[in-house]
Amino acid sequence: MSDQRVYVFDTTLRDGEQVPGSKLNTEQKLKIALQLEELGVDVIEAGFPVSSKGDFTSVQEIGRIIKNTTVCGLSRAVEKDIEVAAQALMYATYPRIHTGIGTSDIHIKHKFNSTREKTLERAVGAVKYAKSFVEDVEFYAEDAGRSDIKFLARVTEAVINAGATVINVPDTTGYCLPHEYGEKIRYLYENVPNMHKAILSTHCHNDLGLATANSLAGVENGARQVEGTINGIGERAGNSALEEIIMILKKRLPHFETGINTKLLNSISRLISETMNMPVQANKAIVGENAFAHSSGIHQDGVLKLRENYEIIDPLEVGVDHSKIVLTARSGRAALAYKAKQLGYDLQGEELNRTYERFLQVADEVKFVNRDHLLKLLENVPVEIVVR
Ligand code: KIV
Ligand code: ZN
């Protein structure tokens, strides 16, 4: 495998599902897990088995049906959590236990009332215990974003010696700037003597809107796994949006490879938004309703001449049929003629000018001119405007 291969770890069903009001039942989780496998993610974090009976069952059932993708269960650095995660993963073809503990001084002192030395011991103990159940053990250093880098490096070296296969470096509070997060990953990559025995993973939260940028800084500095959720859902401001990271790698950093079929991004985004009751904002990159919609005259004219004038992604690449021309009071004649043509009317010259004048009168009264309005304009009948 090329060392430029970036593994995609989806945690929509675990970190993503922590959003209040987005709880999923097992059947819904199975449907999403199958779609994630189809999408080509490398790891599905299916849940936190010790947290509830329902989560245990979901992880177990996902482990049963998923055949080609690693299925992962979360645990704290607690023996009981690890045992329950191992049981839940019993049927998985490729099981992974994800265990860890907070490594920042603030977590060590104010969450665990502990010390760095005891934290290091617990981290190593947890990895060794998880390793007694499964081969593939990922270690997370919670709040790594605010952890002392030298201590983080010591923990990393120790847990790799204990058998960790992946080291997750979460910016749990979304605190880091991209260059800081990148430097953290680079430091571990260059200074941990046994780093070549494990993969470094990004896990960025979006509290300052930097989750995607931080994840990419991680990849550019040596991380080869990215963690995130579809649509960027997650607690507070959410996790890094996988669709963004994947498309940035594809369009701007193509020397990195993923196993993702990007044509399925739009459909999985919709599935998750509907099932989890989380609308996607219209201007969301890649999967928002307006991501490929053009409404101003200058842009419409440009995009109709050559799509690339205003689009850097072909909508087909992410599973959207076509770009959208939306008729508004900012639209020009080119867009009007284009939309009229789609309805079978060839508007040109004076006829186009006359229709455009009437079009503007309607457009000034409504948010956008829809198909019905347009048909009436083209058939020269009065347009009834319903103001809501
Ligand atoms: O954000 C975080 O630190 C996490 C860990 C539990 C992996 O989600
Ligand atoms: Zn997280």
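Strand S5 (136-142) and strand S6 (166-171) each contribute at least two residues to the shell around ligand 1, and this shell is a convenient place to enter the structure, which is a predicted model. The residues that surround ligand 1 are Arg14, Asp15, His98, Tyr140, Glu142, Asn168, Pro170, Thr172, His203 and His205. Sorted by class, this shell holds two nonpolar, five polar and three charged residues.

Several side chains of the shell place polar atoms within a few ångströms of the ligand, and their distances can be read one by one. For Thr172, a polar side-chain atom lies 2.7 Å from an oxygen atom of ligand 1, while for Asp15 the corresponding distance to an oxygen atom of the ligand is 3.0 Å. In the case of His203, an N or O atom of the side chain is 3.1 Å from an oxygen atom of ligand 1. Taken on its own, ligand 1 has 260 Å² of accessible area, and the protein covers 93% of it.

From Asp15 the path leads on to Asn239, a residue in the loop between strand S8 (225-228) and helix H9 (242-252). The side chains of Asn239 and Asp15 are joined by a polar contact of 3.0 Å, so that Asp15, whose side chain also has a polar atom 3.0 Å from an oxygen atom of ligand 1, appears in both settings. Is Asn239 buried or exposed? With a relative accessibility of 3%, Asn239 counts as buried, because the limit for that class is under 20% relative accessible area. Leaving aside residues within four places in sequence, the contacts of Asn239 include Asp15, His203 and His205, three residues that are also among those surrounding ligand 1. Other contacts of Asn239, under the same exclusion of residues within four places, include Thr11, Cys204, Asn206, Ala211, Gly228 and Thr229.

A second buried position is Val43, which is placed in strand S2 (residues 43-47) and has a relative accessibility of 2%. Which residues does Val43 touch, if those up to four places away in sequence are not counted? They are Val8, Phe9, Asp10, Thr69, Thr70, Cys72, Arg96 and Gln225. Val43 and Tyr7 are 36 residues apart in sequence, yet their C-alpha atoms are 7.9 Å apart in space.

The chain as a whole can now be set around these local views. Its secondary structure comes to 14 helices and 10 strands, and its C-alpha atoms fill a box of roughly 80 × 40 × 40 Å along the principal axes. Of its 388 residues, 53% count as buried, and the chain exposes about 18,000 Å², of which carbon and sulfur atoms supply 50%. Among contacts in the chain with a separation of 6 or more, 72% are accounted for by residues 24 or more positions apart.

Charged side chains provide the last part of the tour. Side chains of opposite charge can pair when their charged atoms come close. A search of the whole structure finds 27 salt bridges, and a few of these can be followed in detail. Glu61 and Arg64 meet through their side chains in a salt bridge, at 3.3 Å from N to O; the two residues are three residues apart in helix H2 (residues 53-65), and are therefore separated by about one helical turn. Both ends of this pair are partly exposed, Glu61 with a relative accessible area of 23% and Arg64 with one of 35%.

A comparable arrangement is found in helix H7 (residues 178-191), where Glu190 and Arg186 lie four residues apart, about one turn of the helix. Their side chains meet in a salt bridge of 3.0 Å, N to O. Here Glu190 is exposed, with a relative accessible area of 52%, whereas Arg186 is partly exposed at 28%.

The side chains of Arg116 and Asp148 also meet in a salt bridge, at 3.6 Å from N to O. This pair links distant parts of the chain, since Arg116 lies in helix H5 (residues 116-131) and Asp148 in the loop between S5 and helix H6 (149-161), 32 residues apart. Arg116 counts as partly exposed at 31% relative accessibility, and Asp148 is likewise partly exposed, with a relative accessible area of 32%. Finally, salt bridges can also join into a network, as they do for Glu17, Lys23, Lys29 and Asp55.

Terms used: Residues are numbered from 1 along each chain as its sequence is written. Chains are lettered from A and ligands numbered from 1 in the order in which they are written. This is a predicted model: local features need pLDDT of at least 70, side-chain atom pairs count only at pLDDT 80 or more; totals for chains, interfaces and linings use all residues. Side-chain values use heavy atoms; hydrogens and water are left out. A residue is near a molecule or strand if one of its heavy atoms lies within 4 Å of it. A polar contact is a pair of N or O atoms within 3.5 Å; within protein, one must be able to donate a hydrogen and the other to accept it, and residues adjacent in sequence count only if both atoms are side-chain atoms. Accessible areas come from the Shrake-Rupley method with a 1.4 Å probe; for residues, only the protein chains shown count as cover. Ala, Val, Leu, Ile, Met, Phe, Trp, Tyr, Cys and Pro count as nonpolar, Asp, Glu, Lys and Arg as charged, and the others, Gly among them, as polar. Buried means under 20% relative accessible area, exposed over 50%, partly exposed in between (1.4 Å probe, protein chains only). Contact means heavy atoms within 4.5 Å. A salt bridge is a side-chain nitrogen of Lys or Arg within 4 Å of a carboxyl oxygen of Asp or Glu.
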